[in-house]
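Colleague: I would like a close look at a single part of this model, followed by how that part sits within the whole. Please take one residue as the starting point and state each cut-off as you go.

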Amino acid sequence: MNHYNEEYYLLFPDPDVDTYDLNSDSMTNKRRYKKIELDYGQMPLKFSTETYDLSFATSNYEIFFPIGSIVVTEGLKSLLENGLYGSKFYPAIVKGESEGIREDVWALNIYKLLDCWDRDKSVASYPGGVKSLDGIDVAPSVKTFHLSSEILDNIPEKERLLFVMDNTDVTNIFVHQKFVDIFRKHNIQGTRFIKVSKYRFGMEFV
């Protein structure tokens with residue numbers, strides 16, 4: 001058995017906790033922080049949550065979930081930032097709908113994805129069964145992942161404890177067991193981890 005499928009987990013928001021969902025403002029969207037590396041020294045990224053009063057989120061270890069990324073507090077950032085692949089944490093602000101603000105938070109700025117799912121051993125489907133359209137590759141929907149040992153063996157472990165998968169139709173964030181242990185040690189709420197070997201598409205919603 002591929003040991004990477006046992007070491008890595010997909011990270012999702014807990015479907016039973018909606019207070020951690022975030023929306024980015026129009027200026028943050030224009031900066032394409034999930035595709036392009038941002039330079040430090042510019043304005044922080046700005047997010048809001050539908051939670052009326054964000055004052056409840058006062059822990060040094062919190063995580064929030066804008067679509068396709070994560071936002072973490074300073075304390076959590078310090079524990080994760082040395083294991084990122086193709087991304088970095090960038091200053092951010094999170095505001096409650098009417099009250100409460102967190103200015104000690106950092107958004108995951110993603111600028112390089114990692115294509116490391118084994119095409120032969122994973123299960124994927126293509127819209128209409130078509131893999132390319134007018135010469136452009138179609139991103140498949142991956143139902144089960146099998147990670148490629150050939151690719152991951154060539155990247156030092158400490159440089160890929162968190163990465164975002166490439167060439168799929170949705171954004172999937174993968175974290176190593178070492179990071180999962182950090183989340184559990186600090187009892188960080190609002191997260192759900194599903195081991196790669198156990199994951200089947202749709203499990204994240206139930």
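Which residues does Leu45 touch, not counting residues up to four places away in sequence?

Modeller: This is a predicted model, in which local features need pLDDT of at least 70 and side-chain atom pairs count only at pLDDT 80 or more, while totals for chains, interfaces and linings use all residues. Residues are numbered from 1 along each chain as its sequence is written, and side-chain values use heavy atoms, with hydrogens and water left out.

Leaving out residues up to four places away in sequence, Leu45 touches Thr28, Arg31, Tyr33, Leu38, Tyr90, Pro91, Ala92, Ile93 and Ala107, where contact means heavy atoms within 4.5 Å. Leu45 lies in strand β3, residues 45-48; helices (H or I, at least four residues) and strands (E, at least two) are DSSP runs, numbered from the N terminus. Its relative accessibility is 0%, so Leu45 counts as buried, the term being used for under 20% relative accessible area, with exposed over 50% and partly exposed in between (1.4 Å probe, protein chains only). One of its partners, Ile93, is 48 residues away along the chain, yet the C-alpha atoms of Leu45 and Ile93 are separated by 6.3 Å.

Such long-range pairing can be set against the whole protein, where residues 24 or more positions apart account for 68% of the contacts with a separation of 6 or more. The protein has 5 helices and 14 strands, and buried residues make up 45% of its 206 residues.

As for the interior, the largest nonpolar core has 24 residues, of which Leu11, Ile63, Ile70, Leu76, Phe89, Leu162 and Val175 touch the most other members; a nonpolar core is a set of buried Ala, Val, Leu, Ile, Met, Phe, Trp, Tyr and Cys residues joined through side-chain atoms within 4.5 Å. Among the elements that give two or more residues to this core are β1 (8-13), β7 (101-110) and β13 (173-176), whereas α5 gives the most, with 4 residues. A second, separate core of 19 residues includes Met165, Phe174, Ile194 and Tyr199.

Met165 is also among the contacts of Asn172, as are Leu10, Phe12, Phe145, Phe163 and Val164, once neighbours within four places in sequence are set aside. Asn172 lies in the loop between β12 and β13 and is buried, with a relative accessible area of 5%.
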